[in-house]
Structure formats: structure tokens, C-alpha cells
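Before us is a protein chain to be read feature by feature, in the form of a conversation between a learner and a teacher. Please look at the sequence and the fold together before going on.

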Amino acid sequence: MSLHCCFNCLVSFARKKSSKADCGSGTALGIMLVIAVCSMLAVAAILGHVLSARHQAYAVATAAALSGASALQRMENNPCEFSTRTVTSSRAILKSCKSAKDEVTVSVTVPLNIPLAPSVEASARAALEDCDK
């Protein structure tokens, strides 16, 4: 009986000493871990949004250049007008459109709502090729 009583006394003494020394350290560590995970998730979401807008800008620029080249093939007067329609229907902003002899070069901007990166820009070129070559 006395051995059991001594053991209980030692256990209660150890609990009192350790609880005062480490009181709340697990809670602070847990809060820091949650903040770190949430920060990483926010950064991943922002990067995903930027990459998605970048792909959208490249796709819109390519489609606009191809529509301008198609207008050149049909011998339309202003191929940049067709490129502008393609860009505006895709909710992007046409930065520049240049039509040379047999080619159309288009530059497109897709706005982001992020303070450090206000927009993403892409450009594309499409041209007619002579089939007799």
C-alpha cells in the first residue's frame, strides 16, 4: 500500500511541475500551424488564379489572331475589327492589333483583381500561307 501511495504522490508532483512550465505552449503551436496552413492555401489560390488568367490571355490572343487571319483570307477590309469582337466577347482587353500584308498580330490583357499583379498580357500572331509552295 505504501508503494502505491508513493507512486501516486510522484505522479501528481510531476503533473504539477510540468503543467506550470508548459502551460499553453501546445495551443500556441497549434495556432501557428493553422495560420501557416491557411497562408499556404491563400498563396496557392492566388497562384492558381494568376495561372488561369494567363492561360485565358493566351487562348484569347490566339483566337483573336486567327479570327483576324480568317478575315484576311476572306479579303475583309479591317481584320482588326474581327479580332476586337473576339477579344471583347471573351471579357479581355485588346491592347494592340496590327495587320500587315498577310498577318495579324494581337496583344491582349486579362485583368486580375490582385494588388501586386493587376493584369496578365499575352500576344499572338497568325498569318496566311501560300498553298502553292
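The dialogue below takes up the sheet, then the helices, and then the disulfide of this predicted model.

Q: How should I read a sheet, and in what order do the strands stand here?

A: The general idea is that the strands of a sheet pair through backbone hydrogen bonds, either parallel or antiparallel. In this predicted model, three strands form an open sheet in the order E1-E2-E3, and their pairing is antiparallel. Strand E1, residues 93–99, and strand E3, residues 119–127, stand at the edges with a single partner strand each, so one side of each has no neighbour in the sheet. From one strand to the next, the twist averages 10°.

Q: How many bridges join E1 and E2, and which residues stand opposite each other?

A: Strands E1 and E2 pair in the antiparallel sense over six bridges, and the two form a hairpin with three residues between them. To follow the register by eye, one can start from Leu94, which stands opposite Val108 in E2, and then go on to Ser96, which stands opposite Ser107 in E2.

Q: How many bridges join E2 to E3?

A: Strand E2, residues 103–111, is joined to E3 by nine bridges, and these two strands run antiparallel. A useful landmark for this pairing is Val104, which stands opposite Ala126 in E3.

Q: Which strands does helix H2 lie across, and which does H3 touch?

A: Here one reads both the contacts and the direction of each helix against a strand. Helix H2, residues 25–73, lies across E1, E2 and E3, running at about 30° to E3. Helix H3, residues 79–89, packs on the sheet by touching E1 and E2, and its direction makes about 160° with that of E1.

Q: At what angle do the axes of H2 and H3 cross, and which residues make the contact?

A: The axes of H2 and H3 come within 8 Å and cross at roughly 150°, and the two helices are therefore roughly antiparallel to each other. The crossing of H2 and H3 is right-handed. On the H2 side the contact is made by Val60, Ala63, Ala64, Ser67, Gly68, Ala71 and Leu72, while H3 contributes Pro79, Phe82, Ser83, Thr86 and Val87. By class, the residues of this contact between H2 and H3 divide into eight nonpolar, four polar and no charged.

Q: Which cysteines form a disulfide, and what parts does the pair tie together?

A: A search of the whole structure finds one disulfide, formed by Cys80 and Cys97, whose sulfur atoms are 2.2 Å apart. The link of Cys80 and Cys97 is left-handed, with -90° about the S-S bond. Because Cys80 lies in helix H3 and Cys97 in strand E1, the pair ties together parts that are 17 residues apart in sequence.

Key
Residues are numbered from 1 along each chain as its sequence is written. This is a predicted model: local features need pLDDT of at least 70, side-chain atom pairs count only at pLDDT 80 or more; totals for chains, interfaces and linings use all residues. Side-chain values use heavy atoms; hydrogens and water are left out. Two strands pair if DSSP finds at least two bridges between them. Helices (H or I, at least four residues) and strands (E, at least two) are DSSP runs, numbered from the N terminus. Axes are lines fitted to C-alpha atoms, for helices over the stretch in contact, and angles run from 0 to 180 degrees between N-to-C directions. Contact means heavy atoms within 4.5 Å. Angles under 35 degrees count as roughly parallel, over 145 as roughly antiparallel, 65 to 115 as roughly perpendicular and the rest as oblique. A crossing is left-handed if the near helix is turned anticlockwise from the far one by less than a right angle, and right-handed if clockwise. Ala, Val, Leu, Ile, Met, Phe, Trp, Tyr, Cys and Pro count as nonpolar, Asp, Glu, Lys and Arg as charged, and the others, Gly among them, as polar. A disulfide is a pair of cysteine sulfur atoms within 2.5 Å.
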